[in-house]
Amino acid sequence: MNWIVQGLDREQLLDRLPAIGGAFRQLYESVFELPQVSAETLELCRLRLAQLHRSAADFALEECPVSAPQRAQLQDWPQSPLFSDEQRACLAFTEVYAMDCSAITDAQADAVKAHIGEEGLVALLQALGVFDGLIRLGLIWQAKPAGVRQHGQ
Amino acid sequence: MGSNARVQAPAQNTGNVIRDSALGIVPRTVEPYLALNAAVWDAGPLSAAEVELARLRNARHTGCVMCQAVRYDVAISDGLTEEKVQMIRGAEPDAELSARERLLVAFVDQYNLDPSGIDQGLQNALLQEFSEAELLHLSLLVAWFNGSSRCAVALGGMPDAMPRMEISIPR
C-alpha cells in the first residue's frame, strides 16, 4: 500500500501530477517503439532490472511478450542457450548499469554496438533510464504497477 | 569511468544541449525527452531552487561530473546560492540546511541507495513537510534526473573535472 495517497497504484500516482507523470509515461511508452532495439530485447532488460531490484510486481508485469522459457531462465541467462547474442550483450550491459553505471567498460559498450550500433546503445540507455526509474518509483512509493499479469518465475 | 566517448554526437549545432548531444541520434525520443525535462522544471509545485538541489544531490550519487558542474539559471534566479550547493556535497548534508532541505536530500539518498527500504519515520516526516503534489514532483524529478545522469555517465567521455557552468533549460 503506497504511503502518499492510499489505495492508488503506481500509474494512478503518476496521473495525480499529469503534466510530469504523463510526460514520463510518454517517454516510457516511446522506447518500446524504437527501431534501434527490439521491444523483446528491451523487455528482457526491463525484467532483468526488476529481478535485480527484487521487484516481483515489475517482474510479473508484461509490457511486451517474451517466451515463458526465457522468463524462467532470465536469472541464469549466461548459462542458457535461449538468448541471442544481441540479447546477451544487452543483458550484460543492463546488469552493470543497474549496479554502477560508471563501471560499464568499453568492451561491454562495444558488444552492444556490434549488434545494434551507436543509435542502439543510446536507445538502450534511454530505455534503461525510464525502466529503472519506474521500478524505483514503485519501490519507494510502495505502489504496485497497474495491470500486472502473473507469470511463473 | 570511460575516458573516450562511446557514441558520436550528431554533426549539428542547434544550440540545444540535448538535441546536439548523443541523444540527438535517436530522433524519436528527443521530443519526449525535451518535454519531460521542461515539465520537471515548469509544471511542478517545488521551486526551481529545490529542483536544482535535488538534481545536484542526485548527480553526486551517479558520479556525473558534467551534471555536477552545471547550474540552471532558473535556480540561481530563484535564489539558490553556491554556499547552499556546497552544503549538499558531503556524504552527510550540512546541519545548516533547513529541515525541509534535509528531507529533500534524504529522499534523494533513499531513492538512490535503497528505494524499497524507506522507513515509516522518513515517510511521516516527508508527509508532514511536503504536500502530495510536492512529493510526486520530487519523486519524478529524481527519477528523471537519475536516468539522464546515468545515461550521460554510461556514454563515456566524462572528464575528471569541469568548471561550473550556468545554462538555461533546453527547450
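Helices (H or I, at least four residues) and strands (E, at least two) are DSSP runs, numbered from the N terminus. The exercises below use that convention.

This is a predicted model, in which local features need pLDDT of at least 70, side-chain atom pairs count only at pLDDT 80 or more, and totals for chains, interfaces and linings use all residues. Residues are numbered from 1 along each chain as its sequence is written, chains are lettered from A and ligands numbered from 1 in the order in which they are written, and side-chain values use heavy atoms, with hydrogens and water left out.

**Exercise 1. Describe the fold of chain B.**

Task: State the order of the elements of chain B from the N terminus on, then judge its compactness against the globule rule.

Solution:
- Step 1. Count the elements. Chain B has eight helices and two strands.
- Step 2. Put them in order. From the N terminus they run α-α-α-β-α-α-α-α-α-β.
- Step 3. Compare with the rule. The radius of gyration is taken over C-alpha atoms, and the globule rule is 2.2 Å times the number of residues to the power 0.38. Chain B has a radius of gyration of 16 Å, close to the 16 Å that the rule gives for 171 residues, so chain B is as compact as a globular protein of that length.
- Step 4. Add the dimensions. The C-alpha trace of chain B spans about 50 × 35 × 30 Å along its principal axes.
- Step 5. Check burial. Buried means under 20% relative accessible area, exposed over 50%, partly exposed in between (1.4 Å probe, protein chains only). Of the 171 residues in chain B, 54% are buried.
- Step 6. Check contact range. Contact means heavy atoms within 4.5 Å. Take the contacts in chain B between residues at least 6 apart in sequence: 68% of them join residues at least 24 apart.

**Exercise 2. Characterise the interface.**

Task: Give the buried area between chain A and chain B, and say which helix supplies the largest share of chain A's side.

Solution:
- Step 1. Count residues. On chain A, 45 residues are in contact with 45 residues of chain B.
- Step 2. Get the area. Buried area is the accessible area (1.4 Å probe) that two parts lose on being put together, summed over both. Chains A and B bury about 4,100 Å² between them, with 70% of it on carbon and sulfur atoms.
- Step 3. Count polar links. A polar contact is a pair of N or O atoms within 3.5 Å; within protein, one must be able to donate a hydrogen and the other to accept it, and residues adjacent in sequence count only if both atoms are side-chain atoms. Between the chains, 11 residue pairs are in polar contact (both at pLDDT 80 or more).
- Step 4. Find the helices. α1 (10–15), α2 (18–31), α6 (85–99) and α7 (106–141) of chain A each supply at least two residues of the side that touches chain B. The largest share, 18 residues, comes from α7(A).
- Step 5. Sort by type. Ala, Val, Leu, Ile, Met, Phe, Trp, Tyr, Cys and Pro count as nonpolar, Asp, Glu, Lys and Arg as charged, and the others, Gly among them, as polar. Chain A's side holds 28 nonpolar, nine polar and eight charged residues.
- Step 6. Look at one residue. Gln36(A) sits in the loop between α2 and α3 (39–52) of chain A. Gln36(A) is buried, at 19% relative accessible area. Not counting residues up to four places away in sequence, its contacts include Ile25(B) and Val26(B).

**Exercise 3. Trace the salt bridges.**

Task: Find a salt bridge between the chains, then one that links distant parts of chain B.

Solution:
- Step 1. Apply the cut-off. A salt bridge is a side-chain nitrogen of Lys or Arg within 4 Å of a carboxyl oxygen of Asp or Glu. The structure holds 20 over all chains.
- Step 2. Cross the interface. Two salt bridges lie between chain A and chain B. One of them pairs Arg6(B) with Asp106(A) at 2.9 Å, N to O.
- Step 3. Go within chain B. Asp42(B) and Arg171(B) form a salt bridge, with their closest N and O atoms 2.6 Å apart. Asp42(B) is in helix α1 and Arg171(B) in the segment after β2 (165–167), 129 residues apart. Asp42(B) is partly exposed at 46%, while Arg171(B) is exposed at 54%.
- Step 4. Find the network. Salt bridges link Glu50(B), Arg100(B), Glu129(B) and Glu134(B). Glu129(B) lies in helix α7 (residues 120–129) of chain B.
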